[in-house]
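Q: Could you take me through one part of this model in close detail, residue by residue? I'd like to see which side chains meet there, and then how a second region is put together.

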Amino acid sequence: MKPIRHKRALINRKDLTAALEEMAARVPESDWQPHLVTLLKDAHQSGWDEVKRRFFDEADKGATSARALSYVLDQLMRVLYDFVTEHVYPLANPTAGERLCLVATGGYGRGELAPYSDIDLLFLIPYKATPWAENVAEYMLYVLWDLGLKVGHATRTPEECVRLAKEDLTIRTSLLEARYIWGEQKLFKLAATRFVKRVVSGTGPAFVAQKLEERDNRHKKMGDSRYVVEPNIKDGKGGLRDLQTMWWIARYLYGVNRGGEINEDILTDAENRQFGKAENFLWTVRVALHFLSDRADERLTFDMQQRLSELLQYKDRPGSSGVERFMKHYFLVAKQVGDLTRIFCAVLEARQQKTFFSRLRRTRKLQGFGVQAERLVALSEDDFQNDPALMVKIFAVADKNDLDIHPDTLRIIKQSLPRMNLAVRRSPAANQYFLDILTSRNQGEVNLRRMNEAGVFGRFLPDFGRVVAQMQYDMYHHYTVDEHTIRAVGLVAKIEAGELEQDHPLSTGVIQEILSRNVLYVAVLLHDIAKGRGGDHSVIGAEVAERVCPRLGLKPSETETVAWLVRWHLLMSNTAFKRDLTDPKTIQDFCDIVKSPERLRLLVVLTVVDIRAVGPGIWNGWKGQLLRELYYAAEEVLRAGHVTIGRNDRVKRKKAAFQEALNGWSATAAKKHLARMGDAYWIAEDNDTLLQNAQLMQRVDKTGDLIGVAARVEKWQAMTNVALHTQDHPGLIARVVGALGVAGASILGAKIHTSRDGMAMDNFIVQDMDGNAFDSRRQLDKLEEIILSTLQGSVRPKERLGKKRIFGAKDAAFTIEPVVLLDNKASGRSTVMEINAKDRPGLLYDLTYALYGLKLSIISAHVATYGERAVDVFYVTDLLGGKITNKVRLRNIETKLLKAARGEPIFSKKAEEKKDMKSTAETAA
């Protein structure tokens with residue numbers, strides 16, 4: 001540990017003491033405190049600023065800055081203590097009870113302070129509190145608070161320290177880090193001796209168990225993964241707290257000093273160097289995070305990731321931005337912290353047992369390994385050097401026999417990784433072991449993750465090694481690519497076992513019909529293998545699959561299918577979420593690519609696990625419903641080679657089923673309603689929506705209301721269906737979209753219909769901003785009320801939506817250049833317009849308003865969001881019901897939609913006012 005440079009440039013205790021002595025001599029005692037605060041504040045701020053300058057201008061490491069900030073505070077505390085005890089509350093003849101020691105605890109006790117860390121102090125007194133000690137402590141605390149410091153404090157005797165440490169793990173840990181600052185040093189030594197003898201002695205195993213349990217609980221609270229894309233650098237898995245936990249345990253058991261390395265017989269020299277590098281990196285990031293955010297911020301949010309990557313000079317590289325390279329470094333360090341933790345725990349466990357050789361005598365053998373306490377161990381430290389394929393085999397044996405692998409053996413494996421060469425990768429036996437783990441019905445996910453943590457996965461499959469710790473800098477993907485992939489494999493196994501039937505009934509059924517399990521599992525493994533290489537990862541990934549699959553033992557036909565699945569793994573979600581599934585051309589185009597029912601079955605399972613493994617809250621019932629609709633429609637075409645049920649037959653069947661559900665309707669009323677809507681309406685809507693619409697139309701007809709709104713909850717699909725019935729007119733959709741936005745609704749889809757008598761019957765699928773249904777009566781009433789108020793002109797959507805934000809400050813980190821795609825081939829009856837843009841409140845309103853101004857009719861709308869990115873798709877026609885084919889008009893539409901996507905004025909101010917007034921008047925009429 002390097003000494004702090006030029007300490008007096010940070011703070012000069014001698015000069016500061018002299019200044020305080022001069023102040024005490026010339027200022028009346030009643031005015032001492034404000035003058036004292038001013039002098040100390042200036043000194044502290046000067047030292048703090050110098051630490052900050054050295055960090056940014058001289059590239060001091062974070063650990064150095066943390067120690068320097070602690071040093072500045074130490075000197076300040078000593079000066080303050082001396083002034084208070086010598087001038088404010090002096091004692092000519094102190095009694096035995098009038099002694100006081102100032103002690104640092106917690107992080108400050110370790111001599112490490114982040115710029116905005118809390119400061120933990122212990123005022124140590126010999127027996128019970130005396131008025132003098134209470135006055136000194138109180139005076140000091142008021143001054144420290146006036147300095148703007150966040151101080152946690154306690155006043156205790158050595159006896160109280162012992163008693164409370166026995167009762168409370170947090171206090172025990174805090175005292176373990178206690179460090180003498182100033183005052184009665186003998187009192188500190190007495191307390192430290194009693195703490196060791198009466199608290200620490202003989203309680204090592206219990207302390208270790210409690211600290212490891214505390215760590216596990218902390219990890220669960222933080223998501224139980226070190227690969228979340230906005231990690232907590234202090235308390236997250238693989239963060240600073242994990243390193244500190246190792247130090248606490250080592251100090252508790254073996255008296256390790258803070259300034260030194262952990263004992264060489266616990267961690268090797270190389271492992272101690274790794275410990276130091278990881279600690280330095282994490283401290284540098286933490287200190288930078290505090291300085292940049294001007295507060296005690298421990299979370300690497302997206303906006304901070306960008307700023308930190310620039311500060312720490314991570315440059316863009318082909319296929320990987322600077323911020324992604326910075327975060328990959330972070331995740332690799334977090335992984336390294338996990339490796340060190342396992343090694344550390346293994347050594348502690350070994351020390352509680354007898355020698356290595358005596359343990360071997362009690363070890364039973366299993367397929368070339370030993371089994372000890374339900375964990376596999378190497379029979380010899382040279383096994384993996386002599387036969388590197390054992391590094392794969394051990395995980396297969398562990399999986400087959402439901403065993404863990406001893407951390408000591410994992411340590412040997414890590415040291416043997418350089419022996420994992422091309423010969424091992426080409427070994428049929430090693431590849432079969434790997435395939436057995438991948439397709440396991442036992443604990444494949446667990447053992448793949450163990451392989452990844454041990455470094456074996458990336459060495460055995462170098463293409464996978466390239467995506468280890470590879471993050472995607474967006475707000476959609478919650479995990480790194482390797483963690484996402486392993487989770488997806490685990491989800492396939494759960495679906496196959498029937499554990500997720502309630503969430504995924506279709507996948508649970510079709511997975512049993514799949515002809516090759518190997519194809520499915522390998523496709524899931526490889527679907528994102530080419531991310532971070534630049535270009536289309538689906539296309540590059542298919543090329544990787546063609547190279548890797550034969551090595552894994554797959555037949556040529558299986559290799560071809562895996563490569564196809566990797567190439568088209570986004571096809572089903574893109575079609576289901578961005579296209580009109582009632583348009584026959586959508587289904588036909590999809591089937592032209594899929595070509596076979598087997599591929600369809602494989603693709604639906606791959607799509608489901610890919611979406612669900614993105615992160616919590618990404619999957620919902622609405623997405624499941626869309627995928628099922630597409631699957632069944634495509635299956636019908638693929639089995640027959642064409643659509644087996646004609647359009648007229650489909651309409652007849654829908655009407656017949658609908659009539660059966662019309663309870664209490666007269667034959668005349670039912671006949672009138674059936675004739676009211678065109679065939680496209682009956683094909684597009686499901687039975688529940690048809691019934692909801694019919695009841696709404698009947699209610700509006702009876703009451704004579706100008707506008708009718710009805711909301712229906714689909715809890716299983718986590719969405720709400722909002723139906724609107726009113727006189728049709730241009731601009732209506734834009735106003736409804738604006739109203740839903742004002743009500744806090746996120747629109748997933750819209751189907752727009754006009755009855756034969758000129759009335760609009762529009763259906764919107766919405767969720768709240770958290771991805772849930774509006775399911776309370778109060779929420780539904782508010783939704784209906786805001787829609788009515790907006791359509792009647794009393795609410796102006798543009799003004800309300802402009803004040804809302806979706807992601808808070810986070811979205812400032814992302815810049816997305818909007819793209820407009822106009823397609824006249826995707827539909828037989830409409831022009832399909834796809835807009836990719838940065839999501840924001842009012843985006844959909846601006847786009848629909850632009851389409852209204854361009855004199856286009858919206859047939860249906862489909863909305864998909866991927867974190868900060870929105871993909872809005874509209875099926876539109878001109879006012880005569882035809883496609884837009886004129887090239888000049890198409891260019892104008894593209895220009896206007898790009899303006900709308902950016903939030904820029906779309907039309908001239910006069911034109912916008914005229915359109916707005918016209919639309920409001922038409923609605924009110």
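A: Happy to. Let's begin with a pair of histidines: the side chain of His569 makes a polar contact with the side chain of His537, at 3.3 Å. Please keep in mind that this is a predicted model.

His569 sits in the loop that links helix H28 (556-567) to helix H29 (571-578). With a relative accessibility of 1%, His569 counts as buried, because buried means under 20%. Its side chain also has a backbone partner: a polar atom of the His569 side chain lies 2.7 Å from the backbone oxygen of Val566. Leaving aside residues up to four places away in sequence, His569 touches His527, Asp528, His537, Ser538, Leu603, Leu606, Thr607 and Asp610.

Asp528, one of those neighbours, deserves a visit of its own. Asp528 belongs to the loop between helix H26 (517-526) and helix H27 (537-551). Asp528 is buried too, at a relative accessible area of 3%. Its side chain makes a polar contact with the side chain of His484, at 3.4 Å. With residues up to four places away in sequence again set aside, Asp528 touches Val467, Val481, His484, His537, His569 and Asp610. His537 and Asp610 thus appear among the contacts of Asp528 and among those of His569.

Now for the second region, further along the chain. Eight strands form an open antiparallel sheet, in the order E9-E10-E12-E11-E15-E16-E14-E13. Its edges are strand E9 (707-714) and strand E13 (819-823), each of which pairs on one side only. From one strand to the next, the twist averages 20°. At one of these edges, E13 pairs with strand E14 (residues 831-838) in the antiparallel sense over five bridges, and Leu822 has Met833 in E14 as its bridge partner.

Helix H37 (residues 732-742) packs on this sheet, touching strand E10 (719-727), strand E11 (745-754), strand E12 (759-768) and strand E15 (856-866). The direction of H37 makes about 25° with that of E12.

H37 has a helical companion as well: H37 and helix H40 (residues 843-853) pack with their axes 8 Å apart, at an angle of about 175°. Angles over 145 degrees count as roughly antiparallel, so that is how H37 and H40 run relative to each other. In this contact, Ile733, Ala734, Arg735, Val737 and Gly738 of H37 meet Leu844, Tyr845, Thr848 and Tyr849 of H40. By type, the contact residues are six nonpolar, two polar and one charged.

Notes
Residues numbered from 1 in each chain as written. Predicted model: local features only at pLDDT ≥ 70, side-chain atom pairs only at ≥ 80, totals over all residues. Heavy atoms only, no water. Helix = DSSP H or I, 4+ residues; strand = E, 2+ residues; numbered from the N terminus. Buried < 20%, exposed > 50% of the residue type's maximum accessible area, 1.4 Å probe, protein only. Polar contact = N/O pair within 3.5 Å; in protein donor to acceptor, adjacent residues only side chain to side chain. Contact = heavy atoms within 4.5 Å. Pairing = 2+ DSSP bridges. Axes fitted to C-alpha atoms, helices over the stretch in contact; angles between N-to-C directions. Parallel < 35°, antiparallel > 145°, perpendicular 65-115°, else oblique. Nonpolar A, V, L, I, M, F, W, Y, C, P; charged D, E, K, R; others polar.
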